[in-house]
Amino acid sequence: MTRIVIAGGGLSGVSLAAHLAVADHRHPVVVVDDGTRPIASRTWASWTNRPGLLDAAASRWFDRVRVHVNGETKVLRLGGYRYRVVHGADLADVVERLTRPLRHFTSLRGHVDRVQQDGVVVDGQHLRAKWVFDSVIGPETPPPVDASLAFRGWYVRSERAAFDAETPTLFDFRTAQVGGASFVYVLPFDAHHALVEHTSFVAAGTPEDAAAQEEALSEYLTEIVRTGGHEVERVEHSVLPLRARPTTRVNGSVLSIGAEGGLLKASTGFAYQRIQRDSAAIAESLRRSGHPFDLPEAPARFRMFDGVLLDVITRRPAQLERAFGALFRYRTAEPALRFLDEATSMPQEWRLFAAMPAATYLAAARQRR
Ligand SMILES: Cc1cc2nc3c(=O)[nH]c(=O)nc-3n(C[C@H](O)[C@H](O)[C@H](O)COP(=O)(O)OP(=O)(O)OC[C@H]3O[C@@H](n4cnc5c(N)ncnc54)[C@H](O)[C@@H]3O)c2cc1C
């Protein structure tokens, strides 16, 4: 029997394992992870308008979001979408329930040194496989980085019942612009607890300014949220490379998945829902075509839009607030979320873009060609 190796048991690795577990195939599957980023300590938020295999892992579902843009606070319903929160420990439990009864699914603790055409090298040992799904090494020549998303999040406990437990804040521009276009994002867990994140789109190569992001967070909590005193229980921070151009995912028998496979949406840094869709498509390709490479591609214009937006906001940071204001100007957030999901038609896109400065974007699009 031919073996499948999944290199990395993070979000994309376990999501793919789960989708392969319910697909109709008998290939032995081995998930290899070295434990450097324990899944149990992670949290993902994302929006969706369709049921998914791993929905049971979501601990919260929201039907509205708050945005503060162009001097105005708005609470927007999500229409056909819902916004959900998944804790890594819950995701691992759900995946475990799907894979544990299957004797042909195993996990291996080990460091993937190398990915090659006939398998992977784990701690110096060759593990043979017909197909490798790689979320840790990535393609030899990834596309250029268009910008970086620098974020610093505090898991906060507030003295006062300061957070609206029913409404996440998708973006709030009342914050210092730290090295680039910046906003604050708030994911409430209850009235006293939330993840409060300062997020900046910065030009590629800009050094992280941790002190400035911390100051911005502190100011936001004191002056906007008015916690009346708070404690930072945990910190998360990262600088994600944003690439609008497509990644060459397939290399012979190796398919890059997750962030390494180019699944981070370049204009948002979100990947959770795209990874779920990709995992389902890989499993479906395997069932239908006998190999995992028959994957749908979103129309190329969406990558162009992402690239143009990144070009514009890294040169003129104030344009980010204007762009978000235009996308989220409707009664519900649904048109904007559908666009960010790459599920809009061209006429819908032109309506969304009508409130943006056409000359600025057209000039950036011409330069990008
Ligand atoms: C802090 C943070 C928060 C994020 N929050 C969100 C969010 O809320 N919503 C959203 O949509 N997206 C979010 N993202 C973006 C994206 O969804 C995540 O980066 C996501 O985890 C990507 O999945 P992945 O499988 O590619 O990588 P990971 O989930 O990081 O998985 C990689 C795995 O590989 C293992 N590993 C690494 N190197 C090796 C090696 N050499 N050998 C063996 N194992 C190895 C690690 O231990 C890890 O388990 C976030 C990203 C970060 C960094």
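Trainee: How much space lies in the largest cavity?

Mentor: About 100 Å³. Keep in mind that this is a predicted model.

Trainee: How many cavities of 30 Å³ or more does the count come to?

Mentor: The count comes to 2. The second largest has a volume of about 40 Å³.

Trainee: Back to the largest cavity. Which residues line it?

Mentor: Ser 46 and Trp 47 are in the lining, along with Lys 265, Thr 268 and Phe 270. Then comes the run Ala 271, Tyr 272, Gln 273 and Arg 274. Arg 277, Leu 340 and Asp 341 complete the list.

Trainee: Which elements give two or more residues to that lining?

Mentor: Strand E3 and helix H4 do. H4 has the largest share, at 4 residues.

Trainee: And how does the lining of the largest cavity split by class?

Mentor: It has 5 nonpolar, 3 polar and 4 charged residues.

Trainee: Now the second largest cavity. What lines that one?

Mentor: Ser 12, Leu 16, Ile 257 and Gly 258, plus Ile 275, Asp 278, Ser 279 and Ile 282. By class, these divide into 4 nonpolar, 3 polar and 1 charged.

Trainee: Which element gives the most there?

Mentor: H4, with 4 residues. H1 also supplies at least two residues of that lining.

Trainee: Switching to the ligand. How many residues surround it?

Mentor: The shell holds 29 residues. Ser 12, Asp 33, Ala 45, Ala 259 and Tyr 272 are the closest. Two of those names came up before: Ser 12 lines the second largest cavity, and Tyr 272 lines the largest cavity.

Trainee: Which backbone atoms lie by the ligand's oxygen atoms?

Mentor: Take Leu 11 to start. One of its backbone N or O atoms is 2.9 Å from a ligand oxygen. For Ala 271, a backbone N or O atom sits 2.8 Å from an oxygen of the ligand.

Trainee: What about a ligand nitrogen?

Mentor: Ala 45 is the partner there. A polar backbone atom of Ala 45 is 2.7 Å from a nitrogen atom of the ligand.

Trainee: How much of the ligand does the protein cover?

Mentor: The protein covers 89% of its area. On its own, the ligand has 980 Å² of accessible area.

Trainee: Which elements supply at least two residues of the ligand shell?

Mentor: Helix H1 (11-22), strand E3 (43-48), strand E17 (230-242) and helix H4 (272-289). E17 has the largest share, with 3 residues.

Trainee: Which domains does the shell draw on?

Mentor: It takes at least three residues from each of domain 1 (4-59 + 88-142 + 243-289) and domain 2 (147-242). By class, the shell has 13 nonpolar, 11 polar and 5 charged residues.

Trainee: Pockets next. What volume does the second largest one have?

Mentor: About 690 Å³. It is lined by 25 residues, and Arg 249, Leu 263, Pro 296, Glu 297 and Ala 298 are the closest to its centre.

Trainee: Which elements give two or more residues to that pocket lining?

Mentor: H4 and helix H5 (301-315). The largest share is from H4, at 4 residues.

Trainee: And which domains feed the pocket lining?

Mentor: Domain 1 and domain 3 (301-368), with at least three residues from each.

Trainee: Last one. How many charged residues does the lining of the second largest pocket have?

Mentor: It has 9 charged residues, beside 13 nonpolar and 3 polar.

Methods: Residues are numbered from 1 along each chain as its sequence is written. This is a predicted model: local features need pLDDT of at least 70, side-chain atom pairs count only at pLDDT 80 or more; totals for chains, interfaces and linings use all residues. Side-chain values use heavy atoms; hydrogens and water are left out. A residue is near a molecule or strand if one of its heavy atoms lies within 4 Å of it. A polar contact is a pair of N or O atoms within 3.5 Å; within protein, one must be able to donate a hydrogen and the other to accept it, and residues adjacent in sequence count only if both atoms are side-chain atoms. Accessible areas come from the Shrake-Rupley method with a 1.4 Å probe; for residues, only the protein chains shown count as cover. Ala, Val, Leu, Ile, Met, Phe, Trp, Tyr, Cys and Pro count as nonpolar, Asp, Glu, Lys and Arg as charged, and the others, Gly among them, as polar. Domain bounds come from an automatic or database domain assignment. On a 1 Å grid over the protein atoms alone, a cavity is a set of points where a 1.4 Å probe fits but cannot get out, and a pocket is an open set with protein on both sides within 12 Å along at least five of seven lines; lining residues have an atom within 4 Å of a point. Grid points are joined across faces, edges and corners, and a volume is the space filled by probe spheres set on the points.
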